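Student: I have a model open and would like to talk through how its pieces are arranged. Could you take me through it?

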Amino acid sequence: MEISDLKIVSANVRKDIVKMLELAGSGHPGGSLSAVELVVGLYFKHMKFNPKDTNDLSRDYFVLSKGHACPVLYAVLARLECFSLNELCTLRKIGSRLQGHPAKDKKLPGIEVSTGSLGYGLSIGAGISVGMKRAKKNNKVYVLMGDGEQQEGSIWEAAMAASQFKLDNLCAIVDNNGLQIDGAIKDVMNIEPLADKYRSFGWNVLQIDGHNFFEVDRAYSQFKETKDKPTAIIAKTVKGKGISYMENLTEWHGKIPSKELVQKALEEIDVLIKK
Amino acid sequence: MVEVFGKKATRFGFGESLIELGKENSKIFVLGADTASSVAINIFRDMFPDRFLNVGIAETNLLGMAAGLAIAGFIPFVATYGVFAAGRPWEQIRTTICYSNLNVKIGGSHSGLMVGSDGATHQALEEIAIIRCLPRIKIIVPCDFIETKKAVIASAYVDGPVYIRYGRENTPIFTNDNSPFEIGRANILREGNDVAIMACGTMVYEALMAAELLGKKEIEARVINIHTIKPIDEKIIISAAKECGAIVTAEEHQIYGGLGSAVAEVLVKNYPVPVEMVAINDTFGESGNPMDLMVKYGLRDVNIAKAVQKVLKRK
């Protein structure tokens with residue numbers, strides 16, 4: 001898919017996120033919006049994934065370690081026609097397959113594993129990667145993490161293991177929007193220098209602008225060419241990206257805009273598409 | 001007399017059955033956390049290096065990677081000391097494995113006081129309680145070496161998470177290859193209608209010995225091996241309550257939340273009868289010779305027999 005098309009998909013995904021969160025009445029807009037290009041670039045260009053058969057054994061695997069950002073994943077899966085766009089309206093409602101955090105047991109096509117408790121995804125991804133290697137299969141594994149999540153110790157257990165086992169089929173993506181619930185990451189519990197940390201753990205590290213499709217595209221391509229070590233893509237992003245009143249504000253981690261502000265957001269995104 | 005066919009630690013039953021499974025099923029994968037030899041998965045490691053992984057001293061990653069291997073289509077068995085297999089990665093077991101209903105089998109070795117001289121830090125006495133409250137997982141506490149082998153084989157062929165609790169020390173072998181074993185179905189090892197003793201793990205042998213002691217006093221005790229704590233065999237418990245009228249539970253585990261609690265839950269809802277519980281009485285263990293500890297903490301046949309006499313007075 002061309003970058004111009006990826007941008008249109010991203011705009012639609014942003015609108016889906018805002019609309020479904022408005023209907024849900026709760027959820028996490030900031031960290032969903034910051035990850036849009038990272039997830040769209042993956043599913044619409046780089047991942048081997050069959051929306052008609054999401055359990056296809058030749059698929060690449062995606063683990064949303066920052067489970068609270070599931071609106072972006074749900075929107076992308078719906079845009080790929082894994083299920084209907086209408087089902088996005090059921091987010092967080094009783095009986096829905098679209099739980100507040102991804103739930104494998106609800107059998108929504110495309111959800112590999114339940115996530116939401118932070119710090120778990122990288123181990124899960126490393127386990128799938130080892131499984132693929134031992135089964136002599138070429139499937140790739142992508143794990144999208146938050147940057148606040150890097151404060152969890154289990155991430156570093158997994159980071160050590162992925163390097164030890166030379167998991168070059170594993171790509172960790174850090175949505176580096178710089179904010180967590182209690183404020184700026186650097187003030188709460190600084191994770192920097194993050195790239196150096198991953199490098200010193202033996203990873204191939206790529207630092208990119210997570211909203212620039214040229215860079216996102218190139219990073220995923222470089223991951224696929226890297227041998228003998230896992231890749232970490234540290235993507236600088238903006239929390240609440242694309243909606244002016246949300247950008248870079250911690251308060252939009254888990255707040256739902258009013259009806260008027262939703263309208264304003266949708267108009268802003270429409271203006272961007274027309275550009 | 002209780003017939004005994006030698007002594008062997010249940011951990012070796014765990015390890016040996018994994019080798020059998022490894023030979024017959026290429027999906028069997030074993031993960032360890034630096035304790036391969038002490039939890040008896042070292043032979044599997046040496047025979048099937050392509051299906052073994054040592055993650056080092058990192059138990060949250062141990063369970064997380066096992067979850068990933070299950071997603072990748074393998075049947076992963078993890079094994080380490082029970083404290084580290086159930087305690088530290090409890091949330092991975094809950095949120096990643098049980099909530100996703102992943103096919104991960106967890107071996108919790110070094111259960112109970114019988115760990116001995118390492119002391120309380122390494123004596124797992126709480127796993128049944130903290131694992132039992134999780135939806136979807138099954139818990140098996142086999143009574144001897146032979147039953148541990150059967151439990152491991154059976155768990156490989158049942159879909160979804162299973163926790164198997166086993167031990168380090170040599171303990172009597174008193175079941176044989178023909179003894180029945182089915183997950184979720186308890187076994188009556190001795191008939192009797194005066195009282196029922198329900199035990200799991202190492203305490204099953206003590207229960208049989210206790211029944212011998214009681215027999216001399218003309219008290220006929222039914223002994224039931226509740227090897228599966230979850231799902232628990234409600235039918236056999238209710239029948240015993242109706243036919244015996246009093247129950248004693250026995251486990252090498254904390255008194256809160258373990259087998260005794262599980263049996264009591266069934267009884268209060270269906271057929272309440274007096275119950276006494278032989279278990280660790282809300283305290284930590286300590287260093288010492290395993291059998292000395294069992295005596296000090298009241299986990300021997302005589303303690304069960306005493307509990308029986310107490311419960312009979314309440315009948």
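Tutor: We can start with a pair of helices and then turn to a sheet, keeping in mind that this is a predicted model.

Student: Okay, at what angle do α6 of chain A and α3 of chain B cross?

Tutor: The axes of α6(A), which covers residues 153-164, and α3(B), which covers residues 59-71, cross at roughly 65° and come within 8 Å of each other. The two helices are therefore roughly perpendicular, since angles of 65 to 115 degrees are counted that way.

Student: And is that crossing left-handed or right-handed?

Tutor: The crossing of α6(A) and α3(B) is right-handed.

Student: Which residues meet there?

Tutor: From α6(A) they are A:Ser154, A:Glu157, A:Ala158 and A:Ala161, and these meet B:Glu59, B:Thr60, B:Asn61 and B:Met65 of α3(B). Sorted by class, this contact has three nonpolar, three polar and two charged residues.

Student: Switching to the sheet in chain A, what's the strand order?

Tutor: The order is β1-β2-β3-β7-β6 in chain A, an open sheet of five strands with parallel pairing. Its edge strands are β1 (61-64) and β6 (204-209), each of which pairs on one side only. On average, and with direction ignored, neighbouring strands of this sheet are turned by 20° against each other.

Student: How many bridges join β6 to β7 in chain A?

Tutor: Six bridges join β6(A) to β7(A), the strand of residues 231-236, and the two strands run parallel.

Student: Which residue stands opposite A:Gln207?

Tutor: Opposite A:Gln207 stands A:Ile234, which lies in β7(A).

Terms used. Residues numbered from 1 in each chain as written. Chains lettered and ligands numbered in written order. Predicted model: local features only at pLDDT ≥ 70, side-chain atom pairs only at ≥ 80, totals over all residues. Heavy atoms only, no water. Axes fitted to C-alpha atoms, helices over the stretch in contact; angles between N-to-C directions. Helix = DSSP H or I, 4+ residues; strand = E, 2+ residues; numbered from the N terminus. Parallel < 35°, antiparallel > 145°, perpendicular 65-115°, else oblique. Left-handed = near helix turned anticlockwise from the far one by under 90°. Contact = heavy atoms within 4.5 Å. Nonpolar A, V, L, I, M, F, W, Y, C, P; charged D, E, K, R; others polar. Pairing = 2+ DSSP bridges.
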